[in-house]
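Hi,

Here is the structure I promised to pass on. Have a look at it first, and then read my notes underneath.

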Amino acid sequence: KRPFRSGIFTGIHILDNTVFRHLKEAPCGINDVLYPTLMKEMPDRIYAEYTKNTYWYDTGETTTLWSASMKLLDRLQWGDPTLGKFLPSFGAYEETKPGLWIAKGEILPNAVLKPPLILGRKCTIGKNVCLGPGTVLGKGSTVGNGATVSHVVALDSAQISAGEVVHNALQFERLTLPIRSL
């Protein structure tokens, strides 16, 4: 019987020294070599814990970082109770309107704000700007006058020029990396 796999392991391994005899003396992985062997030979000695309110998203590539951010924004938008408690637990964000999260102490910019939207500390937002839906602005980001931004993850200190339209992108300081919808 093949082991069931629906994701990747991102926790802690606690292993008895005796399990290492199941590994090869060559590069090999715990998940693809050790665990299948242990599940076959000692199924009663393998334990795992998973909670249904835990989210694990791959963010190792630019497209997966963007995709994970969009999924989390969507969950915030629809009132996910776990995320609704998680974001303010950092002490840095508060939900000022449904689906609109801003850094504590920041003044809402005079712009069109479409949730879900997260605004970091010390962002500079120009006049006649439209932000969202599906947007995260990292700390110190700047959005110039008349810009339109939607489905964008702007990392800290990102700069979006006046009049620019940015959609489905990962925004670095001055680099816009378009993302094809996944």
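Below is what I found, going from the whole chain down to single pairs of residues.

First, a caution: this is a predicted model. The chain has 182 residues, and 32% of them count as buried. Its secondary structure comes to three helices and twelve strands. The accessible surface is about 12200 Å², with 54% of that belonging to carbon and sulfur atoms. As for contacts with a separation of 6 or more, 17% are between residues 24 or more positions apart.

Now the inside. The largest nonpolar core has 19 residues, and Ile-125, Leu-131, Leu-137 and Val-143 are the ones with the most contacts inside it. Four elements give two or more residues each: strands E2 (100-103), E4 (117-119), E9 (148-154) and E11 (165-171). E9 gives the most, with three residues. If you want one residue to start from, try Leu-131. Leaving out residues up to four places away in sequence, Leu-131 touches Val-112, Leu-113, Lys-114, Leu-117, Leu-119, Ile-125, Leu-137, Val-143 and Val-149. Apart from the largest core lies another one, of eleven residues, including Met-70, Ile-118, Leu-170 and Ile-179.

E11 is worth a stop of its own. Is E11 mostly enclosed or mostly open? Five of its seven residues are buried, so E11 is largely enclosed by the rest of the structure. E11 pairs with E9 in the parallel sense, over six bridges, and along that pairing you can find Thr-148 opposite Val-165 of E11. E11 also has antiparallel bridges to strand E12 (residues 176-178), three of them. There, Ala-169 stands opposite Pro-178 in E12. With four residues between them, E11 and E12 form a hairpin.

Next, a small sheet. It is open, has three strands in the order E5-E8-E10, and its pairing is parallel. E5 and strand E10 (159-160) are at the edges with a single partner strand each, so one side of each is left without a neighbour in the sheet. Between E5 and strand E8 (residues 142-143) there are two bridges, again in the parallel sense. One detail links this sheet back to the core: Ile-125 has Val-143 in E8 as its bridge partner, and both residues are among those with the most contacts inside the largest core. Leu-131 touches both of them as well.

Finally, the charged side chains. How many salt bridges does the structure hold? There is one. In general, side chains of opposite charge can pair when their charged atoms come close. Here the partners are Glu-106 and Arg-121, whose side chains meet at 3.4 Å, N to O. Glu-106 sits in the loop between E2 and strand E3 (112-113), while Arg-121 sits in the loop between E4 and strand E5 (124-125), so the pair ties together parts that are 15 residues apart in sequence. Are these two buried or exposed? Neither, quite: buried would need under 20% relative accessible area and exposed over 50%. Glu-106 has 25% relative accessibility, so it counts as partly exposed. Arg-121, at 37%, counts as partly exposed too.

That's my tour. Write back if you would like to go through any part of it together.

Cheers

How values were computed
Residues numbered from 1 in each chain as written. Predicted model: local features only at pLDDT ≥ 70, side-chain atom pairs only at ≥ 80, totals over all residues. Heavy atoms only, no water. Core = buried A, V, L, I, M, F, W, Y, C linked by side-chain atoms within 4.5 Å. Buried < 20%, exposed > 50% of the residue type's maximum accessible area, 1.4 Å probe, protein only. Contact = heavy atoms within 4.5 Å. Areas by Shrake-Rupley, 256 points an atom, 1.4 Å probe, with all protein chains shown as cover. Pairing = 2+ DSSP bridges. Salt bridge = Lys/Arg side-chain N within 4 Å of Asp/Glu carboxyl O.
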